[in-house]
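Please look over the sequence and the model below before reading on. The report that follows takes up a few places in the chain, one after another.

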Amino acid sequence: MNMTLQEKISLIMEQMKMEYEKPWNVKVVRRRFETTSIEQLEDGDEDDWKRPISILFIGEEGIDAGGLSREFFSLLFKTTKVFEGNTFSVDPQLLDSKHYRLIGKAVGKAIISGHPGPRCLNHHVTQYILQGQEHDFLNIQTKEIYRADAAKAITDIEEATTENINAVFDEHIALLQATGYSKILSSCNKEEAIKTLKAYFLLYRPMTSINQFVEGLKIHGLLEILQQHPKEAATFFNKRSFPSADEVEAFYIPVFSKNEEEKAEEELVIYNWGKCLKNI
């Protein structure tokens, strides 16, 4: 019987728990989360990364039964400089320090720990990570381009006429040259220039960052498993416009009555509400 993606991921966690009695205890300060979280991850040795992770926010009560880990990874993905818009940043210092690889390992650890993943990347980057595929960039919508100057250049070239195309070329020549496009813009090659701009800013510009990130995803053999289930795995990376049922339930924390009869009714309400959210 073939195992599903989630079953394979759950098996990794079970194997970690069987092999290691003690978890990797990561302790962070919420007020200095951006620095303390990275320091803790960087200080983790090879053996630590093989263990189940357990999070402690110093100064706060709570045992990590899954909720603190989810919160930790959500904050990490929100504060990291690795992601930029709907793709990856290109930072020489972060590349030199292998920071993209570190965050790749953290994303892998998050997925194995039950986190839904960063879910902030465009479809083209996700497809490259999971299938090594590149798609036709010409037909994507300009709104997918996260950089305002690149989006404006694409729109201006699309709308350029024979009368003003030279002026449009002069205005955006620096961006075109940055992509490696060396032709003089004309009505005959407008589509080629637009495709080049879209491909560069969605995928090719951060390619070195992406490849380093992918190296980190190999933790616990996870990358190979994700690539075996590309459609399901894409949900960990793709940008989403609405929250999941679990995220909504996690956001609203109910306060129950002290009266046991009233509490029993309230618990049933919360249970039915959760079922309703999943249906939605």
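## Two glutamines in one helix

Q127 is found in helix α7, the run that covers residues 123–131. This statement, like those that follow, concerns a predicted model, and the residue numbers start from 1 along the chain as its sequence is written. With a relative accessibility of 10%, Q127 counts as buried, because the cut-off for that word is under 20%. The side chain of Q127 makes a polar contact with the side chain of Q131, at a distance of 2.6 Å.

Q131 also brings us to another part of the chain, since its C-alpha atom and that of Q228 are separated by 8.9 Å, although the two residues are 97 residues apart along the chain. Q228 belongs to helix α12, which is made of residues 222–228. At a relative accessible area of 45%, Q228 is partly exposed, whereas Q127 is buried.

## A salt bridge between distant parts of the sequence

How many salt bridges does the model hold? The count comes to 11, and one of the pairs is formed by the side chains of R30 and E71, with 2.8 Å from N to O. R30 lies in the loop between β1 (24–28) and α2 (33–43), while E71 lies in helix α4 (residues 67–79), so this pair ties together parts that are 41 residues apart in sequence. R30 is partly exposed at 33% relative accessibility, and E71 is partly exposed as well, with a relative accessible area of 29%.

## A salt bridge within a helix and another pair

The side chains of K50 and E46 also meet in a salt bridge, here with a distance of 3.8 Å from N to O. Both residues lie in helix α3 (residues 46–50), and because they are four residues apart there, about one helical turn separates them. Are these two partners buried, partly exposed or exposed? K50 is partly exposed, with a relative accessible area of 37%, whereas E46, at 62% relative accessibility, counts as exposed.

A further salt bridge joins the side chains of E192 and K183, for which the distance from N to O is 3.0 Å. E192 has a relative accessible area of 37% and is partly exposed, and K183, with a relative accessible area of 40%, is partly exposed too. Some salt bridges share partners, and in this way R30, E60 and E71 are joined into one network.

## Helix α2 and the strands β1 and β2

Which residues of α2 are buried? They are F33, T36, S37, I38 and L41. These buried residues of α2 pack against several other elements, namely β1, α3, β2 (53–57), α4 and α6 (99–112).

Two of these neighbours of α2 are strands that can be considered together, for β1 and β2 pair with each other in the parallel sense over five bridges. Within this part of the model, V26 stands opposite I55, which is in β2. The strand β2 is mostly covered, as four of its five residues are buried. A reader who returns to the model may therefore begin with the buried residues of α2, among them F33 and L41, and go on from there to β1 and β2, against which the buried residues of α2 pack.

Technical notes:
This is a predicted model: local features need pLDDT of at least 70, side-chain atom pairs count only at pLDDT 80 or more; totals for chains, interfaces and linings use all residues. Side-chain values use heavy atoms; hydrogens and water are left out. Helices (H or I, at least four residues) and strands (E, at least two) are DSSP runs, numbered from the N terminus. Buried means under 20% relative accessible area, exposed over 50%, partly exposed in between (1.4 Å probe, protein chains only). A polar contact is a pair of N or O atoms within 3.5 Å; within protein, one must be able to donate a hydrogen and the other to accept it, and residues adjacent in sequence count only if both atoms are side-chain atoms. A salt bridge is a side-chain nitrogen of Lys or Arg within 4 Å of a carboxyl oxygen of Asp or Glu. Contact means heavy atoms within 4.5 Å. Two strands pair if DSSP finds at least two bridges between them.
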